[in-house]
Every structure is written in C-alpha cells, then in structure tokens.
Amino acid sequence: MRRMTVIALVLLVAGCGQAERPYTPQPGPSGTASATAPATGGSARPSADAPGVETVEVGGGKLRVDIDWPARRDPLMRVITDWYLASRKVMVSGSDRYLKDLDLELQAVRQAYDGVRRYTEEDRRVKGVARLYGLRVTKVLDKGAQIDTCVDESKARVVSASSGEAVSPQPSIMRAPYLQRALAHRGDDGVWRIREFLYDKEGCAR
C-alpha cells in the first residue's frame, strides 16, 4: 500500500511553551471544517457555491491558473489555493514579497522560500497554464487540518528570465499531475496557518 512521504503529522498543542505531540487528524462530524475562512492574502475567491472553474491570471497573464472548485467549498480550501497563487507569483516575477502576507508557521516558511529560491536567485521564471483540481479538506480536528489538491502543470514551462526560452531539462514534477498537501494548524487567534507542505507524484489522474 502506497504511503505519503510523511506519515506522522505533528501539530502544536494549544498553549505557550507546551511540548509537541504527534497525532493523526480524524475526519470531523461533517468531513469538512466549520471554522472561519483564513486570512491568507491570496486572490482565489469563489463567487458562488456552484461548482465551476475560476481563472486567475498571474503576472499579467504570463501564467494562467485554472481552479476547479467543487460544489462543496470549504473555506479551508483557500489555505492551499492562496499559497499556490502566491508561490507562482514569485515564480513569474522573481520577487518573494508575495510570500510575506501568507499565514505560515516556521517549518512551512522554510519550505516556501526554499521552493522558490531558484526563481529569486537564478535566471528562472515560469509561464503557461496550470490547473488545480480535486480540492478537498481530507481531515480536520479542532486545531489541525489537512487540505489536498491535485496540480497539473504539464502546460506550464520554466523559462530563462533573460531570453524567455524554455530551460532544459524541465522540472520532472511538471510532466504529470501531482498531489500537493498542506497540513494546517489553527492558532489561539483563530487563524489557520500552514505548518508543513507534502507532495506525492501519485494520487492524481488528469
């Protein structure tokens, strides 16, 4: 049986100075979270409850992100869509300022900046079309949640910032859809913050 790279999920216990303990979130009564929407500073905002595709243009249309919203939209889904849009703004512009307004805990901050480093420090940009689909809040507890989405970047390309030409080789993760997972923690202030990002090359069909 295939497993994710990380099996044990570690979320912070409420209260300052308390030790962390591992646990696996279990589905809530309805299978989704009932908390208020997180203030993540992104631009993915559905306008209705009906399922449909929202198109977001990044960098003046250099990258188009199609978000396939399900009929049952949990506010926590915005945690992962806002993160994705902010990180791709970095990859299009070369500036990491778009990450500063995201609600991330320390480990996720390190992962976020490491993930876009080559786009801020090297001659790299991204353009084309990306798609988010299969959005779901997989697990939720009072202070912990797991949000998943499938990412298809097969129509996007990494290019040279100076020439605009596609670099070779292209990142292997962009060749086929992959699963992106965010582990989130709700602070005492009620804000959901991403604690860790996980990826899996399997689990998403086109």
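Biologist: I'm new to this one, so where in the chain does P169 lie?
Modeller: First, a heads-up: this is a predicted model, so local features need pLDDT of at least 70 and side-chain atom pairs count only at pLDDT 80 or more, while totals for chains, interfaces and linings use all residues. Residues are numbered from 1 along each chain as its sequence is written, and side-chain values use heavy atoms, with hydrogens and water left out. Helices (H or I, at least four residues) and strands (E, at least two) are DSSP runs, numbered from the N terminus. On that numbering, P169 sits in the loop between β6 and β7 (178–186).

Biologist: Is the peptide bond from S168 to P169 cis or trans?
Modeller: The angle to look at is omega, which is near 0 degrees for this bond. That makes the bond from S168 to P169 cis.

Biologist: In what order do the elements of the protein chain run?
Modeller: There are two helices and eight strands to place. Starting at the N terminus, they go β-β-β-β-α-α-β-β-β-β.

Biologist: How many bridges do β5 and β6 pair over?
Modeller: Two strands count as paired if DSSP finds at least two bridges between them. β5 and β6 form a hairpin with three residues between them, and R125 has V159 in β6 as its bridge partner. They pair in the antiparallel sense, and the bridges come to 12.

Biologist: And which residue in β5 is the bridge partner of D66?
Modeller: Here we look at β4 (residues 63–69), which runs parallel to β5 with five bridges joining them. In β5, D66 is matched with R131.

Biologist: Which residue in the turn between β3 and β4 has a positive phi?
Modeller: β3 (residues 52–58) runs antiparallel to β4, joined by seven bridges, and E57 stands opposite R64. The two strands make a hairpin with four residues between them. The one in the turn with a positive phi, about 65 degrees, is G59.

Biologist: Is R193 buried, partly exposed or exposed?
Modeller: Buried means under 20% relative accessible area, exposed over 50%, and partly exposed in between (1.4 Å probe, protein chains only). R193, which lies in strand β8, touches D103, L104 and E105 among others, leaving aside residues up to four places away in sequence; contact means heavy atoms within 4.5 Å. Its relative accessible area is 23%, so R193 is partly exposed.

Biologist: How far is the C-alpha atom of R193 from that of L104?
Modeller: Along the chain, R193 and L104 are 89 residues apart. In space, though, their C-alpha atoms are separated by 4.9 Å.

Biologist: What volume does the largest pocket have?
Modeller: On a 1 Å grid over the protein atoms alone, a pocket is an open set of points where a 1.4 Å probe fits, with protein on both sides within 12 Å along at least five of seven lines; lining residues have an atom within 4 Å of a point. Points are joined across faces, edges and corners, and a volume is the space filled by probe spheres set on them. In this model, 22 residues line the largest pocket, with R88, M91, G115, I173 and Y178 nearest its centre. Its volume is about 420 Å³.

Biologist: Which element supplies the largest share of the lining of the largest pocket?
Modeller: At least two lining residues come from each of α1 (77–93), α2 (106–121), β5 (125–140), β6 (144–159) and β8 (192–200). The largest share, six residues, is from α2.
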